[in-house]
Amino acid sequence: MIRILQPDFQYESIQCISIEDLVNNGIKGLLLDLDNTISPWNDKSLTGDVIDWFNRIKAQGIKACIVSNSRRPDRVAAVADILGIEYVYQAAKPRKKGFLRGITHLGLRPEQVAIVGDQLLTDVLGGKRVGIKTILLMPIDEREFGGTKILRFLERLFGRKIYYTKNILKNLQAQNKQ
Ligand SMILES: [Mg+2]
């Protein structure tokens, strides 16, 4: 993978992020992408697992702020309100501006902050540009519907770790039997 796009950590989903890893790496605040990271694209539903995970990071004293490219402040604010955190909308990632506003909301130094997102060219690239740590997740929708040959090829090309759900594994096994 091109080094500028190499995330510091990769997990399958937000609730899989190890809070111990965050603490051990001196991370005291997170900037979080919204679409396909916290909730499915253009949707404001949050699962109980995601809400629990936010409660657990809060209990560890880790702050959080949504940094979204969404142009709909109502939707971004609705999710931020449920989670009790700040937000930046229309962030124009990978430009630096939105990241810097998020870091200001957190009141932390860049080396204490990580971006959590599902896209290499917006979340990871932008995070690298402002010198924060980067955490790449599988997009929520691809976790559910992905597993095609093209997706797997692209994942390998960009060096993304590959995570398959039970359904995808089932499909792959069925393909292999043909
Ligand atoms: Mg996203």
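**Ground rules.** I count two residues as in contact if their C-beta atoms, placed from the backbone, lie within 7 Å. My helices (H or I, at least four residues) and strands (E, at least two) are DSSP runs, numbered from the N terminus. The model is predicted, so I kept to these limits: local features need pLDDT of at least 70, side-chain atom pairs count only at pLDDT 80 or more, and totals for chains, interfaces and linings use all residues. Residue numbers start from 1 along each chain as its sequence is written. For burial I call a residue buried if 20 or more other C-beta atoms lie within 10 Å of its own, exposed if 12 or fewer, and partly exposed in between, again with C-beta atoms placed from the backbone.

**Overall layout.** I found eight helices and six strands in the protein. Along the sequence I read the pattern β-α-β-α-β-α-β-α-β-α-β-α-α-α. Buried residues come to 34% of the 178 residues. Of the contacts with a separation of 6 or more, 62% are between residues 24 or more positions apart.

**The sheet.** Next I traced the strand order, with two strands counted as paired if DSSP finds at least two bridges between them. The six strands make an open sheet, ordered β1-β6-β5-β2-β3-β4, with parallel pairing. At the edges I have β1 (9–11) and β4; each has a single partner strand, so one side of each is left without a neighbour in the sheet. From one strand to the next the twist averages 25°; axes here are lines fitted to C-alpha atoms, for helices over the stretch in contact, and angles run from 0 to 180 degrees between N-to-C directions.

**Strand β3.** I spent a while on β3 (residues 63–67): four of its five residues are buried, so the rest of the structure largely encloses this strand. On one side, β3 pairs with β2 (residues 29–32) in the parallel sense over four bridges, and I noted C65 in β3 as the bridge partner of L31. To get from β2 to β3 the chain passes through helix α2 (residues 48–59), in a right-handed β-α-β crossover. By right-handed I mean that, with the strands pointing away from the viewer, the path from the first strand over the helix to the second runs clockwise.

β3 also runs parallel to β4 (residues 86–88), joined to it by three bridges. There I matched I66 with its bridge partner Y87 in β4, and C65 stands opposite E86. β3, helix α3 (residues 73–83) and β4 form another β-α-β unit of the right-handed kind.

**Helix α3.** I see α3 lying across β3 and β4, at about 155° to β4. Its buried residues are V76, V79 and A80. Looking down the α3 axis, I get these within an arc of 100°, so they line one face of the helix (the arc is that of the directions from the helix axis to the C-beta atoms). The cover over the buried residues of α3 includes β3 and β4. Turned away from the buried side, I noted exposed D74 and D81. After α3 comes G84, with a positive phi near 70°.

**Core.** I take a nonpolar core as a set of buried Ala, Val, Leu, Ile, Met, Phe, Trp, Tyr and Cys residues joined through C-beta atoms within 7 Å. The largest one has 36 residues, and L31, L32, C65, I66, V67, A114 and V116 touch the most other members. I followed A114 further: leaving out residues up to four places away in sequence, it touches I27, L30, I132, K133, T134 and I135.

**Loop between β4 and α4.** Most residues other than glycine have a negative phi, and most peptide bonds are trans. I found exceptions here. Q90, in the loop between β4 and α4, has a positive phi of about 50° without being a glycine. A92, in the loop between β4 and α4, has a positive phi of about 55°, again not a glycine. Q90 is partly exposed, with 13 other C-beta atoms within 10 Å; A92 is partly exposed, with 13 other C-beta atoms within 10 Å. The peptide bond from K93 to P94 is cis, with omega near 15°, and P94 sits in the loop between β4 and α4 (96–106).

**Helix α5.** Last stop: in α5 (residues 120–129) I listed L120, T122, D123, V124, G126 and G127 as buried. The buried residues of α5 pack against α4, β5 (113–117) and β6 (133–137). Just after α5, I noted G131 with a positive phi of about 75°.
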